[in-house]
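Good morning, everyone, and thank you for making time for this short talk. Please take a moment with the sequence and the picture before I begin.

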Amino acid sequence: MMDYSHIDQFFSRWRGKETIEAVVITGTFSPMNPEHETMAASYVRNIVGTDIPITLSHEIGSIGFIERENASIINALLSKAMDRALHGLQFMFQHFGIHGDIYFTQNDGSLMSYEYALRYP
């Protein structure tokens, strides 16, 4: 069973003081068992709403805690900027009558979908 009291305390201290732009949830052993990160994300989603991106570390990095934590923070920081950029691109395509799916090339040459690029900038 998960104790959500610390999450409540954290967000009650932040409420009304500063704008929350993104949330990162990092569990120590989440690459082996992501259940706690997923449960915490679901609980946080009810607090912050659907407009705030939530990054889960087990979805981003490898097994090393610090590397995974840092990669997750960078992902969260980039998510708002990527959201604005990709929605702008989508608007421009619609404005010029270009219809079709949007894909992006990754460093390894593979393609990622528009939705994937939004989630993992």
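In which helix does Glu37 lie? Glu37 lies in helix 2, and I would like to start from this residue, keeping in mind throughout that what we are looking at is a predicted model.

Let me ask next whether Glu37 is buried or exposed. Its relative accessible area is 2%, and because buried means under 20%, Glu37 counts as buried. Around Glu37, leaving aside residues up to four places away in sequence, we find contacts with Ile25, Thr26, Gly27, Ser30, Leu56, Ser57, His58 and Arg68. With two of these neighbours there are polar contacts between side chains: the one from Glu37 to Ser57 spans 2.4 Å, and the one from Glu37 to His58 spans 2.6 Å.

Another residue in that list, Arg68, brings us to the salt bridges, of which the structure holds two. In one of them Glu37 is paired with Arg68, and the closest N and O atoms are 3.9 Å apart. This pair links distant parts of the chain, since Glu37 sits in helix 2, residues 35-48, while Arg68 sits in helix 3, and their positions lie 31 residues apart in the numbering, counted as a separation. Arg68 has a relative accessibility of 0% and therefore counts as buried, and Glu37, as I said, is buried too, at 2%.

The other salt bridge joins Glu59 and Arg119, with the closest N and O atoms 2.5 Å apart. Here too the pair links distant parts of the chain: Glu59 is in the loop between strand 2 (54-56) and helix 3, Arg119 is in helix 4, residues 114-119, and the two are 60 residues apart. How buried or exposed are these partners? Glu59 has 32% relative accessibility and so counts as partly exposed, and Arg119, at 34%, also counts as partly exposed.

Now let us turn to the aromatic residues. A pair of aromatic rings is described by the distance of the centres and the angle of the planes. The structure holds four aromatic pairs, and I will go through two of them. Phe10 and Phe11 form an edge-to-face pair, with 5.1 Å from centre to centre and 90° between the planes. Phe10 also pairs with Trp14, and this pair is tilted, with 5.9 Å from centre to centre and 45° between the planes. Both Phe10 and Trp14 lie in helix 1, residues 5-14, where they are four residues apart, which is about one turn of the helix. Taken together, Phe10, Phe11 and Trp14 form one aromatic cluster. As for their accessibility, Phe10 is partly exposed at 35%, Trp14 is partly exposed at 31%, and Phe11, at 7%, is buried.

Finally, we move to the surface. Which residues form a nonpolar patch there? They are Val24, Ile73 and Leu77, and together they have about 260 Å² of accessible area. If you would like to find one of them in the picture, look for Leu77 in helix 3, which covers residues 65-95. Why does Leu77 count as exposed? Its relative accessibility is 65%, and because exposed means over 50%, Leu77 falls into that class.

That is the end of my tour, and I am happy to go back to any part of it.

How values were computed:
Residues numbered from 1 in each chain as written. Predicted model: local features only at pLDDT ≥ 70, side-chain atom pairs only at ≥ 80, totals over all residues. Heavy atoms only, no water. Patch = residues over 30% accessible without salt bridge, like charges linked within 9 Å, V, L, I, M, F, W, Y side chains within 5 Å. Areas by Shrake-Rupley, 256 points an atom, 1.4 Å probe, with all protein chains shown as cover. Salt bridge = Lys/Arg side-chain N within 4 Å of Asp/Glu carboxyl O. Buried < 20%, exposed > 50% of the residue type's maximum accessible area, 1.4 Å probe, protein only. Polar contact = N/O pair within 3.5 Å; in protein donor to acceptor, adjacent residues only side chain to side chain. Contact = heavy atoms within 4.5 Å. Phe/Tyr/Trp six-rings, centres within 6.5 Å; stacked < 30°, edge-to-face > 60°.
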